[in-house]
Amino acid sequence: MSTATPSVTGLDPEALAKDAADVLTVIPANPAAVYARRAARLQELADDTVLSDYFGLLRLLTQSQARLAASDSESLFGPQPQLQLSGSTPLSLASFDWGNVWQSGLQELISELLPLVSPSVQQVLKELATTEPEQLQRWATEMLDGRFTCVPARFSLFIWSALSLYWSHWAVCVAEVQAKVGEGHHRLCPVCGSHPIASVVREQPRQGLRYLHCSLCETQWHRVRAECTCCGDNRDIHLWAETETKAPLRIESCGSCKGYTKMLFTDINPRLEVAVDDLASMVMDQQLVEEGFHPSTVNPLLLAHEEPSASSCEEPSANA
């Protein structure tokens, strides 16, 4: 394995911004198709990774997500929520009454997975299936607020998958409205306010445009290249690749905030899938961290679980 080295520096932000003018700023997802494609990519890469067993579990999970997303059942998604589509991030945690309908999707995912997984995973799923709805709701709130460490690590993958199933379903109508507004370049998802998984450099609607892909609702939104996706600075941007200059997977780092994000060039390799290939290239993350950088993204297939501080997960006081 060769060491990642910076392959491009000093990109021209003005030229890239000019080239990105008058583009589609938000691309709605097709959730069933997204999950099905993710499952197919997991199967494709399973034999080439030391995480083959984990990739197998993820494939079963994403296949279940795809089947449920295609069902369009009101028992899974409930009635359409009341949304303020003219505001920013209409599907963010505090913007609408999201309730606990998502828990129906969680129970369906558990039911589908139970006969297919190993005994150890079955035990985790049975425990999760019998957890009180109030506790599930507290954990969901913590995760949607970015406090992943407050949720038992063995449960977080399945809870987030159910939340994504619900959010991606209702995100489509929001993203379709926002696509017509013509505003973009957000750090977080303009639909739900979540972090991106990574950048995708697409061939459509025009070759070379960068879109960030949401870790919760699967929406993609445009972000100018050669500009940090975290802090917006464009003075000290570097691209890193393992070997070749035109590598289909690279990392964009920012010298100002020391953040980084993966860039998947699907215009070079259309088989790349944002969550799977981000996960499969973790060795590059390790190298960037050793260089003093930190990720500005969230991968729904591998949620971070550093030790929380003593007070970070406490219930807010009544006088707060």
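**Exercise 1. Which element supplies the largest share of the lining of the second largest pocket?**

Before we dig in: this is a predicted model, where local features need pLDDT of at least 70 and side-chain atom pairs count only at pLDDT 80 or more, while totals for chains, interfaces and linings use all residues. Residues are numbered from 1 along each chain as its sequence is written, and side-chain values use heavy atoms, with hydrogens and water left out.

*Solution.*

Step 1: pin down the pocket. On a 1 Å grid over the protein atoms alone, a pocket is an open set of points with protein on both sides within 12 Å along at least five of seven lines, whereas a cavity is a set where a 1.4 Å probe fits but cannot get out; lining residues have an atom within 4 Å of a point. The second largest pocket comes out at about 430 Å³, a volume being the space filled by probe spheres set on the points, which are joined across faces, edges and corners.

Step 2: go round the wall. There are 21 lining residues, with R37, V200, R202, Q220 and T266 nearest the centre.

Step 3: sort by element. Helices (H or I, at least four residues) and strands (E, at least two) are DSSP runs, numbered from the N terminus. Both α2 (31–45) and β3 (196–202) give at least two residues to this lining, and α2 takes the largest share with three.

Step 4: check the chemistry. Ten of the lining residues are nonpolar, five polar and six charged. Here Ala, Val, Leu, Ile, Met, Phe, Trp, Tyr, Cys and Pro are nonpolar, Asp, Glu, Lys and Arg are charged, and the others, Gly among them, are polar.

**Exercise 2. Work out which parts of the chain the R210–E252 salt bridge ties together.**

*Solution.*

Step 1: find the contact. A salt bridge needs a side-chain nitrogen of Lys or Arg within 4 Å of a carboxyl oxygen of Asp or Glu. R210 and E252 pass, at 2.7 Å from N to O.

Step 2: place the partners. R210 sits in strand β4 (residues 209–214) and E252 in strand β7 (residues 249–254), so the bridge ties together parts 42 residues apart in sequence.

Step 3: look at exposure. Both R210 and E252 are buried, that is, under 20% relative accessible area (exposed is over 50%, partly exposed in between; 1.4 Å probe, protein chains only).

Step 4: set other pairs beside it. E227 and R223 are bridged at 2.9 Å, and both are buried. E142 and R147 have their closest N and O atoms 2.5 Å apart; E142 is buried at 12%, but R147 is partly exposed at 29%. R41, E44, R271 and D277 link up in a salt-bridge network. The whole structure has 14 salt bridges.

**Exercise 3. Describe the cavities of 30 Å³ or more.**

*Solution.*

Step 1: count them. There are two.

Step 2: take the largest, at about 60 Å³. Its lining includes Y35, R38, W160 and E218, and α2, α3 (52–71) and α8 (153–178) each chip in at least two residues. The class split is five nonpolar, five polar and two charged.

Step 3: move to the second largest, at about 40 Å³. E252, the salt-bridge partner of R210, turns up in this lining, along with C228, Y260 and S296, among others. Strands β7 and β8 (259–265) each give at least two residues. By class, four are nonpolar, five polar and one charged.
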